[in-house]
Amino acid sequence: MAWILDDSRPIYLQIVDVIKTNIIAGAYQPGDKLPSVRDLAMEASVNPNTMQKALTELERSGLVYTQRTSGRFITEDTAKMTEIKEQLAREQIQLFLKNMEQLGFKKEDIKRLLDQELKGGQ
Amino acid sequence: MEQLLSCQNLTKRYGYKTALDSINLTIERGRIIGLLGPNGSGKTTLIKLINGLLAPTEGLLLINGAIPGPETKKIVSYLPERTYFNSWMKVTDILDFFCDFYSDFDRNRAIEMLHRLNIDEKDRLSSMSKGTKEKVQLIMVMSRDADLYCLDEPIGGVDPAARDYILQTIITNYNERASVLISTHLISDIENVLDDVIFIQNGHIRLTTSVDDIREQEGKSVDALFREVFRC
Amino acid sequence: MLGKLLKHEFKAVNRLMIPLHLGLVVITIIGRFYVQFVVNREHVNYSNTSLRMWEGLMDVMLVSAYVIALIAIFIITWLYMDILRFRKNLFTDEGYLMHTLPASAAEHIFAKLTVSTVWQIIDGLLICLSVFAMLANKTVFQFFGYYWDDMWNSFPQIFGVSAGIGVPIFLITGLLDTIAGTLIIYMCIAIGHSFNTHKIISSIGIYMGYKFVANLLSSIVVALTSIGTLGNMNAGSLFFGVGSYYSRFNNPAYFWANMGFSIVLSLALGAGAFVLTNHFMTKRLNLE
């Protein structure tokens with residue numbers, strides 16, 4: 001897994017995004033145990049404190065939960081997963097729409113082009 | 001959190017030249033800190049003062065509440081920016097040396113790291129390249145269970161693969177009781193492993209903050225901020 | 001900690017000192033065989049004068065080489081143990097390691113001093129033995145056997161005390177003198193290396209300055225009190241016998257004043273040099 005990090009945002013937020021994407025994409029299955037903070041930090045080449053902060057953030061979002069002694073696990077709450085998946089999708093769409101608007105497209109045109117692209121792709 | 005290092009009005013002058021000018025600084029446990037500044041800014045002077053290789057002209061420097069001396073040297077592990085071993089020594093000689101003098105030295109950890117780099121314990125330093133010698137030295141320094149690690153330009157002259165290895169070593173050996181102070185001017189390389197940064201210039205501390213704060217408040221990397229602060 | 005420092009110090013210096021002194025032993029053995037079988041050769045036929053001349057020339061050259069080798073071994077030992085090792089190990093790159101060990105400056109000084117003194121004693125003994133082994137033959141043994149009692153008995157007539165007391169006192173004085181000499185060199189190196197630049201020149205300058213002052217003070221003391229600093233090289237030159245010349249012989253008071261003064265002076269100089277070295281290695285350490 002490549003942890004390509006950009007310069008402008010806090011590192012822990014970028015790690016949150018990477019792990020979220022991995023969970024949604026199925027790289028981690030529901031109920032899977034996450035590697036230890038140290039191992040994850042090693043993998044991402046970041047400071048363990050930063051990784052800790054990212055995992056705390058993920059716990060807050062409900063995607064990850066901690067079992068007192070045995071470590072961190074991916075949530076088995078599929079409703080939660082779907083919710084986050086759709087939230088991420090909405091973020092991407094909003095970004096896409098914003099970019100299209102900057103190019104001067106109206107909503108109808110965007111819709112038309114999108115339909116065309118989807119048909120062509122199939 | 002507990003204070004591991006504190007400097008109060010710490011000043012070091014060499015003749016008429018002031019290398020550090022009334023520095024106030026504290027370092028807590030469990031942090032990885034970048035000591036960042038241009039060449040000649042006072043980074044090495046500060047690290048030498050921490051290790052008792054220089055005596056302060058004025059002010060106070062305390063490690064775990066004590067001024068540098070035999071007691072603080074038990075808990076500080078130091079990687080200078082030069083090689084300090086005799087070239088006739090074999091790796092085993094160095095292991096023996098560290099085992100004898102540092103009670104917190106973990107020989108097995110060192111051997112494991114040496115093997116991972118394919119360094120034979122029977123090798124003599126004189127037969128090694130400069131880069132390999134530097135790695136051996138880093139392994140020795142990181143194989144101690146110290147409270148404070150001072151790494152002076154650990155990634156200065158090494159290739160990218162070795163640089164990654166060094167950063168991995170620092171992360172692997174991290175523990176929440178200990179702090180790591182890394183001096184460098186190659187910021188982008190180590191930015192991701194840092195908690196905090198100290199910007200130092202002309203013997204003055206320009207800024208101490210966390211990496212996340214820089215990114216959140218300034219919206220830019222430490223490297224970018226550094227270039228801005230120290231623009232020539 | 002001192003024990004560990006000693007162990008590693010011996011380990012480091014033995015790498016040079018053992019081969020050097022094994023060399024001395026080898027030179028002695030070879031030299032002895034040469035003396036035995038060649039120099040003492042009984043030439044039946046000396047009609048060939050040119051052969052005789054060449055043989056004589058070779059003898060002289062080999063004896064000179066032997067003497068030069070002895071002096072060289074003595075000087076190398078002193079130079080390495082007192083100056084080079086101390087400076088290199090504590091005030092150059094190696095100092096970055098040594099001064100970050102959990103050992104005090106005093107322990108470093110003691111370790112270096114002990115190892116240096118031990119090797120200088122070994123060096124002195126081996127050189128004496130070598131010379132003795134080279135010279136010893138039937139005549140020498142006969143001479144000693146014949147005159148030993150006379151020499152032993154005449155000792156008090158010169159020094160005023162019996163040889164049983166005088167010889168150990170001389171040895172103790174010599175040892176203390178060696179130790180003080182080493183510490184004074186350490187002091188000069190430690191002070192010189194506390195400067196920001198010209199560390200070596202400064203060290204040498206301090207040593208010369210010290211020698212000048214010591215000689216001056218020594219002359220004054222001798223002139224005022226007639227007490228010479230017998231055997232004490234560090235207090236200045238040897239002023240043995242300056243002053244009340246006539247009272248020198250067979251005078252226990254003179255002997256004790258002289259030796260007592262030497263011993264006290266060595267102790268004082270050594271202690272002073274130690275304190276200063278320690279101070280400059282803790283409060284004024286200035287590694288480049």
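Student: In what order do the six strands of the open sheet in chain B stand?
Tutor: This is a predicted model. The pairing in the sheet is mixed. Neighbouring strands are turned by 15° against each other on average, direction ignored. The order is S5-S6-S7-S3-S8-S9.

Student: Which strands of chain B stand at the edges of this sheet?
Tutor: An edge strand here has a single partner strand, so one side of it is left without a neighbour in the sheet. Two strands fit that description: S5 (76-79) and S9 (204-210) of chain B.

Student: Do strands S3 and S7 of chain B run parallel or antiparallel?
Tutor: S3(B) covers residues 32-36, and S7(B) covers residues 179-184. Five bridges join them. One position to look at is B:Gly34, which stands opposite B:Ile182 in S7(B). The two strands run parallel.

Student: What angle does the direction of H8(B) make with that of S9(B)?
Tutor: H8(B) packs on the sheet. There it touches S8 (196-201) and S9 of chain B. The angle between H8(B) and S9(B) is about 85°.

Student: And what angle does helix H9 of chain B make with S8(B)?
Tutor: H9(B) spans residues 222-229 and also packs on the sheet. It touches S3, S8 and S9 of chain B. Its direction makes an angle with that of S8(B) of about 20°.

Student: Which residues have the most contacts inside the largest nonpolar core?
Tutor: That core has 114 residues. Helix H6 (residues 163-192) of chain C gives the most to it, with 12 residues. Another core, of seven residues, lies apart from it and includes C:Val13 and C:Trp119. In the largest core, the residues with the most contacts are B:Leu148 and B:Cys150.

Student: Which residues is B:Leu148 in contact with, leaving aside its neighbours within four places in sequence?
Tutor: Start at low residue numbers: B:Leu4 and B:Leu5 are among them. Next come B:Ile63, B:Ile75 and B:Val76. The list ends with B:Ala178, B:Ser179 and B:Leu181.

Student: Is C:Ile185 buried or exposed?
Tutor: C:Ile185 sits in helix H6 of chain C. The cut-off for burial is 20 or more other C-beta atoms within 10 Å. C:Ile185 has 23 such atoms, so it counts as buried.

Student: How far apart in space are C:Ile185 and C:Ser203?
Tutor: In sequence they are 18 residues apart. Beyond its neighbours within four places in sequence, C:Ile185 is in contact with C:Asp82, C:Ile83 and C:Tyr207. From C-alpha to C-alpha, C:Ile185 and C:Ser203 are apart by 8.6 Å.

Student: How many helices are there in chain C?
Tutor: Chain C has zero strands. Along the sequence its pattern reads α-α-α-α-α-α-α-α. Buried residues make up 30% of its 288 residues. The number of helices is eight.

Student: How many residues of chain C are in contact with chain B?
Tutor: From chain B, 21 residues take part. H2 (70-73) and H3 (91-101) of chain B each give two or more residues to that side. By class, the chain B side has 11 nonpolar, five polar and five charged residues. The chain C count is 19.

Student: Which elements of chain A give two or more residues to the side that touches chain B?
Tutor: On this side, 14 residues of chain A are in contact with 18 residues of chain B. The chain A residues divide into eight nonpolar, four polar and two charged. The elements are helices H1 (11-25), H2 (37-44) and H3 (48-61).

Student: What element of chain B helps cover the buried residues of H1(A)?
Tutor: The buried residues of H1(A) include A:Ile11, A:Ile15 and A:Ile19. Their cover includes H2, H3, S2 (71-74) and H4 (78-102) of chain A. From chain B comes helix H8 (211-218).

Student: How far does H1(A) reach from its first C-alpha to its last?
Tutor: H1(A) has 15 residues. Just after it, A:Gly26 takes a positive phi of about 90°. At 1.5 Å a residue, 21 Å is expected, and the helix comes close to that. Its reach is 21 Å.

Student: Which residue in S2(A) stands opposite A:Thr66?
Tutor: S1 (residues 64-67) of chain A and S2(A) pair in the antiparallel sense over four bridges. A hairpin joins the two strands through three residues. Opposite A:Thr66 stands A:Arg72.

Key. Residues are numbered from 1 along each chain as its sequence is written. Chains are lettered from A and ligands numbered from 1 in the order in which they are written. This is a predicted model: local features need pLDDT of at least 70, side-chain atom pairs count only at pLDDT 80 or more; totals for chains, interfaces and linings use all residues. A nonpolar core is a set of buried Ala, Val, Leu, Ile, Met, Phe, Trp, Tyr and Cys residues joined through C-beta atoms within 7 Å. A residue is buried if 20 or more other C-beta atoms lie within 10 Å of its own, exposed if 12 or fewer, and partly exposed in between; C-beta atoms are placed from the backbone. Two residues are in contact if their C-beta atoms, placed from the backbone, lie within 7 Å. Ala, Val, Leu, Ile, Met, Phe, Trp, Tyr, Cys and Pro count as nonpolar, Asp, Glu, Lys and Arg as charged, and the others, Gly among them, as polar. The expected span of a helix is 1.5 Å times one less than its number of residues. Two strands pair if DSSP finds at least two bridges between them. Axes are lines fitted to C-alpha atoms, for helices over the stretch in contact, and angles run from 0 to 180 degrees between N-to-C directions.
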